[in-house]
Amino acid sequence: MKRTSQRGAVIPLVAISLAVMMGFAGMTVDVGYLEYAQRQQQSAADAAAIAGAQQLLTSGCPNATAAQTAGKSDASAAGFTDGSNGATVTVQNPPAAGAYSTNNCAVYAKVTASHPTLFARLFRGNSMDASAQATATIVNNNDGCIYTLDASKTFQLNGTNISAPNCGILSNGSVQVNGGTVDVGSFGYLGGFQSNGAKYTDATPQKMIQVPDPCPLIASCSAMKASPPSPSGCKAYQENGVTNAQVAPGCYSSFQLNGGSVVLEPGTYIFTGVVQDNGPPVTGSGVTLYATSTAGPVQFNGSSVTLSPPLTGPTAGLLFYQDPSNTQTVQFNGSTTSLSGVMYAPAALGQINGGSGNYLVLVYGNIQLNGSYNVDPGQPVAGQSYLRNIVLAQ
């Protein structure tokens, strides 16, 4: 029997095998590249959602235009510009669908892009599409309620009993605690620390990294910083004996109380000079006190001081704001002191002697607390924490 020649028959099999192996290798390379590209897209989507929500801290919720502008800008900075190189960036506030569709402070971002293939185009075409999405929202979970920002100063608590179990003390400077009981959820300091006979019932003081000015995280503080009231028509005010004297909001070149008692009507009070209470009790509900760069020192040393901020509007929750360049001392030293809201004087020394507050956030260059003080014994004004953070929700 004559045998048929088999020479060269294996070459086509080898060629086919090599083609298949190269195809698989190409797919592996392209899949790896796609995974890398998707990680980049996810970072861009995360950045877009966070930027959109961050913008809502100052503009208010909802604000679709502000969220879209900020979100697309950060996505572009991350390498994905809407409408460029096949990329599509979608930013929604509130999200059009999903678990956060009813949350006016939530921002949804989606980044879709087409990525070129290298080897896999033999099997799947010249490109592969991928998308990434993220949702960010504003939450009320910041744990700071007493801030001292001046790293060169020493925060002093002299026989102070502080009750703030739901928030904490954050000091960029040194801390000296002389006696008293400190009940706080957290206690951080950047400089040195001295404790003389003090008792800590919850968190113990510990080293921390420097904290930034929290004003951008407080909607009313950020709004005031961006658009402070303009002093105009300022006048001097002096009270010498009238009981329950009604004082209207406005601009005051000097503000002196020497007798009687004073009721501040709701609104914003602008001070350009000295503020001095030498004894009369002062009350006011729905008030915001604004000290310009030339104001001060601000001294409320009356027999009692009871003040609370507005619950609505751009200054909601903001009781006191002093221009960041103003280093004049701020004193609230009434024998009975009841304050609520945010008190912001980032370059000044704040002195508070005794008292309590419905919900208080203190932000000063430095602080001296003397006596007992309840910083957050109740619910925040208007049911919200003044300090807010951005978190990725999905």
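**Ser171 and the nonpolar cores**

Modeller: Ser171 is buried (under 20% relative accessible area, 1.4 Å probe, protein chains only), with a relative accessible area of 0%. This is a predicted model, in which local features need pLDDT of at least 70, side-chain atom pairs count only at pLDDT 80 or more, and totals for chains, interfaces and linings use all residues. Residues are numbered from 1 along each chain as its sequence is written, and side-chain values use heavy atoms, without hydrogens and water.

Colleague: In which strand is the place of Ser171?

Modeller: Strands are DSSP runs of at least two residues, numbered from the N terminus. On that basis, Ser171 belongs to strand E5.

Colleague: Which side chain does a polar contact of 2.7 Å join to that of Ser171?

Modeller: A polar contact is a pair of N or O atoms within 3.5 Å; within protein, one must be able to donate a hydrogen and the other to accept it, and residues adjacent in sequence count only if both atoms are side-chain atoms. The side chain of Ser171 also reaches the backbone nitrogen of Gly173 at 3.3 Å. The partner at 2.7 Å is Thr148.

Colleague: How many residues has the largest nonpolar core?

Modeller: A nonpolar core is a set of buried Ala, Val, Leu, Ile, Met, Phe, Trp, Tyr and Cys residues joined through side-chain atoms within 4.5 Å. Ile146, Phe255, Leu264, Leu307 and Met343 have the most contacts inside the largest one. Its largest share, six residues, comes from strand E5 (residues 154-171). The number of residues in this core is 49.

Note on methods:
Buried means under 20% relative accessible area, exposed over 50%, partly exposed in between (1.4 Å probe, protein chains only). Helices (H or I, at least four residues) and strands (E, at least two) are DSSP runs, numbered from the N terminus.
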